[in-house]
Amino acid sequence: MREAISLARGAECLGEVPVGAVVVKDGVIVGRGFNSPIGESDPTAHAEIAALRDAARNLNNYRLPGCELFVTLEPCAMCAGAIMHARISRVIYGARDAKTGVHGSVVDLFGVERLNHHASIEGGVLAEECSLMLSQFFANRRKKTQ
């Protein structure tokens, strides 16, 4: 999670919402990503998507069985779908997302039994640090617009 936090700080330096993610297989980071929808003019450029794409390239496989995803913020619906399609085995996230989180904050997509893949989910890892980074980012953004 520390590497994901570091990537989130990099996103923040670029003016992006500070979210970072890493994909780990057998204890080794195989994919990294951070939020970049503004810089890339791409609404799908979330940290999780970037990390999944990087891992898929590095492992030469669009499926990522046996991989874990560490992300600083509870995934949204788009990212949850990508996580399921990639066959990620476990998701570990930091802060909850009351507006778009789909591990129970808004809905629980990971708990829908009819879906054909289920990852185990663990939230709240370094939650205070992840949450503080996000709240400070948005507080600073509000100050700049006043």
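1. Let's begin at the end of helix α3. Right after α3 comes N60, and its phi is positive, near 55°. Bear in mind that this is a predicted model, so every value here is computed from it. As background, most residues other than glycine have a negative phi.

2. Now α3 itself, which covers residues 47–59. With 13 residues at 1.5 Å a residue, α3 should span 18 Å, and its end C-alpha atoms are indeed 18 Å apart. The buried residues in this helix are A47, E48, I49, A51, L52, A55 and A56. What lies over them? The cover for the buried residues of α3 includes β1, β2, β3 and α4.

3. Two more residues have a positive phi without being glycine. D26 has a phi of about 55° and sits in the loop between β1 and β2. D26 is exposed, at a relative accessible area of 71%. R87 has a positive phi too, near 65°, and its place is the loop between α4 and β4. Is R87 buried, exposed or partly exposed? With a relative accessibility of 23%, R87 counts as partly exposed.

4. Strand β3, residues 67–73, is worth a good look: six of its seven residues are buried. On one hand, β3 pairs with β1 (residues 20–25) in the antiparallel sense, over five bridges. In that pairing, K25 stands opposite C67. On the other hand, β3 pairs with β4 (residues 90–95) in the parallel sense, again over five bridges. Here E68 is the residue opposite R90. To get from β3 to β4 the chain passes through helix α4 (residues 77–86), and this β-α-β crossover is right-handed.

5. On to helix α1, residues 2–13. Its 12 residues reach 17 Å from first C-alpha to last, close to the 16 Å expected at 1.5 Å a residue. Which residues of α1 are buried? They are A4, I5, L7, A8 and A11. These cover an arc of only 160° around the axis, which puts them on the same side of α1. That buried set packs against β1, β2 (28–34), β3 and α5 (127–145). The face turned away from the buried side carries R2 and C13, which are exposed. Just past the helix, G15 has a positive phi of about 85°.

6. R2 deserves a point of its own. It belongs to helix α1 and is exposed, with a relative accessible area of 51%. Leaving aside residues up to four places away in sequence, R2 touches L126 and E129. R2 and C130 are 128 residues apart along the chain, yet their C-alpha atoms are separated by 9.9 Å.

7. Helix α5 follows the expected length as well: its 19 residues should span 27 Å at 1.5 Å a residue, and the end C-alpha atoms are 27 Å apart. The buried residues of α5 are C130, M133, L134 and F137. Seen down the axis, they fall within an arc of 90°, so they line one face of the helix. What covers this buried set includes α1, β3 and β4. On the other side of α5, E128 and K143 are exposed.

8. Finally, the cysteines. How many disulfides does the structure hold? It holds zero. For C13, the nearest cysteine sulfur is that of C130, 16 Å away. For C130, the closest cysteine sulfur is in C79, at 15 Å, which is too far for a bond. The surroundings of C13 and C130 can be set side by side: C13 is exposed, with a relative accessible area of 71%, whereas C130 is buried, at 1%.

Note on methods: Residues numbered from 1 in each chain as written. Predicted model: local features only at pLDDT ≥ 70, side-chain atom pairs only at ≥ 80, totals over all residues. Heavy atoms only, no water. Buried < 20%, exposed > 50% of the residue type's maximum accessible area, 1.4 Å probe, protein only. Helix = DSSP H or I, 4+ residues; strand = E, 2+ residues; numbered from the N terminus. Pairing = 2+ DSSP bridges. Right-handed = clockwise from strand over helix to strand, strands pointing away. Expected span 1.5 Å × (residues − 1). Arc of directions from axis to C-beta. Contact = heavy atoms within 4.5 Å. Disulfide = S-S within 2.5 Å.
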